[in-house]
Amino acid sequence: MKSTGWLGSAAMLSIAIVFAASPARASAQWRRVHKTTHSKHAARAATSGGPLYKGALLEDADSGRVLMAYNADMEWPPASMAKMMNLLVAQEQINAGRFSGNDPVRISERAAHTGGSRVGLKEGDVYPLRELMKAALVKSANDAAVAVAEKIGGSVEAMVRMMNERAQQLGMNHTLYQTVDGLPPRPTHDADRTTAYDLAIVGRAIIRETNLLMWSSQEHMDFDNGVAILNNTNHLIGHFEGCDGLKTGFTYQAGFNVTTTAKRENMRLIAVILGAPSNAQRFAQAAKLMEWGFDQFTAVSLLKSGQPIPVQVQVHEGPLIQPVAAHELKLVVPKADASAVKLVYDVPPAINGPVTTGEPLGRVIAQDEGQAATEVMAISPIAFTAPHTLGGEAYNASAPPSTNNAGQENQ
């Protein structure tokens with residue numbers, strides 16, 4: 001469906017939005033990756049009553065390039081968006097073969113008595129792990145999130161440690177989890193802390209490494225074979241074109257938050273809104289932010305995965321190798337700047353062997369207006385090992401094998 005439902009109201013259109021920048025201003029902004037960013041528009045909005053959120057971020061989901069940021073490094077409670085890391089860790093454990101989505105989970109007393117949003121789990125009941133993960137993601141069920149954590153980590157406390165370890169591995173240096181569900185220990189105090197930048201990082205990891213979007217993209221889902229219906233807490237699903245995730249969060253201290261993502265054609269965006277004053281405004285602001293991104297930016301496809309690049313590398317006493325792109329290289333740029341994108345090949349002309357298949361030989365750097373924006377490794381499509389000498393005789397690759405060797409081949 002089109003996004004006009006979120007953008008059509010005159011009241012919403014009259015809001016001072018910090019991302020309404022010209023392409024030139026926008027391009028200066030989105031190069032500042034993981035730093036505080038305040039455009040002139042953001043400063044003007046702050047002095048005229050401020051935007052209807054405390055922090056905001058828009059990123060290209062593939063590369064993590066920042067397209068707009070406002071207080072994006074401000075520490076803020078994630079509320080139920082803490083479940084994103086809980087579910088990422090759980091799905092990665094499933095991917096590693098340590099668990100299965102079909103594994104039975106017995107509901108503990110702790111899970112059954114977890115408050116807030118819930119699906120009404122009862123102590124002693126047994127559910128498949130995937131059903132509980134689905135409920136934690138779509139309905140933001142705290143009882144299900146605790147049950148998932150106890151199954152994967154062995155205890156809530158152990159799962160919190162796993163979540164913090166994964167956050168550090170991902171470079172989420174301003175995030176600290178103390179819960180698996182985002183519930184505050186008391187109404188006016190949240191224990192978890194993160195930033196909009198870090199929420200986008202875990203969001204990209206979910207998109208890249210899991211299939212959780214197949215659940216978060218649904219407005220409504222069955223739970224426990226139709227015993228209950230899970231209504232998605234993300235109201236952009238089904239109402240904003242291309243939106244298929246990710247997670248909402250609310251507490252009294254945090255306000256209304258959302259980490260959301262949408263894909264149109266070959267471009268996927270992630271938007272984070274922190275501290276909106278109402279449920280409706282977190283979605284309205286996220287929709288405007290992503291709509292602006294789709295209107296102003298385009299994804300330029302530069303290389304396909306495995307595509308040969310126009311350079312050659314001479315292996316010492318070996319072949320000439322034409323490297324290939326390790327994966328797709330795509331750059332999101334302002335539409336007005338698309339023709340200015342250039343590729344720079346940082347690949348040495350010669351190397352020593354041996355060479356293994358897939359070994360990095362250099363890199364291809366995508367530049368916009370002369371500045372490095374993103375890159376892909378240039379890898380070897382073949383392996384090469386210098387042959388050993390046989391019986392003191394130099395090996396000649398062009399010479400036929402000796403008769404004796406050939407005759408003994410199958411003996």
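How many of the 6 residues of strand β1 (residues 55-60) are buried? The views below start with this strand and move outward through the predicted model.

**View 1. Strand β1, enclosed by the rest of the structure.** Here is the reply to our opening puzzle: 6 of the 6 residues of β1 are buried, so the strand is largely enclosed by the rest of the structure. In a regular strand, side chains alternate between the two faces of the sheet. Try following that pattern here: Gly 55, Leu 57 and Glu 59 point one way, while Ala 56, Leu 58 and Asp 60 point the other way. Both sets are buried, including Glu 59 and Asp 60.

**View 2. Strand β1 with its partners β2 and β9.** Strand β9 (residues 267-276) pairs with β1 in the antiparallel sense, over 6 bridges. To find one of these bridges, look for Gly 55, whose partner in β9 is Leu 274. Strand β2 (residues 66-70) also pairs with β1 in the antiparallel sense, over 4 bridges. Look here for Ala 56 with its bridge partner Tyr 70, and for Glu 59 with its bridge partner Val 66. Together β1 and β2 make a hairpin, with 5 residues between the two strands. In the turn, Gly 64 has a positive phi of about 80°.

**View 3. The open sheet of 5 strands.** Stepping back from β1, you can trace the strands in the order β2-β1-β9-β8-β7, with antiparallel pairing. Why is one side of β2 and of β7 (243-251) left without a neighbour in the sheet? These two strands stand at the edges and each has a single partner strand, so one side of each has no neighbour there. From one strand to the next, the twist averages 5°.

**View 4. Ala 276 in strand β9.** Is Ala 276 buried or exposed? Its relative accessibility is 3%, so Ala 276 counts as buried. Leaving aside neighbours within four places in sequence, Ala 276 is in contact with Leu 52, Tyr 53, Gly 255, Phe 256, Gln 281 and Arg 282. Look for Pro 51 too: Pro 51 and Ala 276 are 225 residues apart in sequence, yet their C-alpha atoms are 8.9 Å apart in space.

**View 5. Helix α12 (residues 279-296).** This helix has 18 residues and reaches 26 Å from its first C-alpha to its last, close to the 26 Å expected at 1.5 Å a residue. Of its 18 residues, 14 are buried, so α12 is largely enclosed by the rest of the structure.

**View 6. Two separate nonpolar cores.** The largest nonpolar core has 66 residues, and those with the most contacts inside it are Leu 57, Met 85, Leu 132 and Met 133. Helix α10 (residues 196-209) supplies the largest share of this core, 9 residues. A second, separate core of 28 residues includes Leu 58, Leu 67, Phe 240 and Phe 297. You have already met Leu 57 and Leu 58: they point opposite ways from β1. For a closer look at Met 133, find its contacts beyond four places in sequence, among them Leu 87, Ile 94, Val 148 and Trp 215.

**View 7. The whole protein chain, with its 13 helices and 18 strands.** Buried residues make up 50% of the 411 residues in the chain. Among contacts between residues at least 6 apart in sequence, 65% join residues at least 24 apart. The chain exposes about 18,600 Å², and carbon and sulfur atoms supply 50% of that area.

Note on methods. Residues are numbered from 1 along each chain as its sequence is written. This is a predicted model: local features need pLDDT of at least 70, side-chain atom pairs count only at pLDDT 80 or more; totals for chains, interfaces and linings use all residues. Side-chain values use heavy atoms; hydrogens and water are left out. Buried means under 20% relative accessible area, exposed over 50%, partly exposed in between (1.4 Å probe, protein chains only). Two strands pair if DSSP finds at least two bridges between them. Contact means heavy atoms within 4.5 Å. Axes are lines fitted to C-alpha atoms, for helices over the stretch in contact, and angles run from 0 to 180 degrees between N-to-C directions. The expected span of a helix is 1.5 Å times one less than its number of residues. A nonpolar core is a set of buried Ala, Val, Leu, Ile, Met, Phe, Trp, Tyr and Cys residues joined through side-chain atoms within 4.5 Å. Accessible areas come from the Shrake-Rupley method with a 1.4 Å probe; for residues, only the protein chains shown count as cover.
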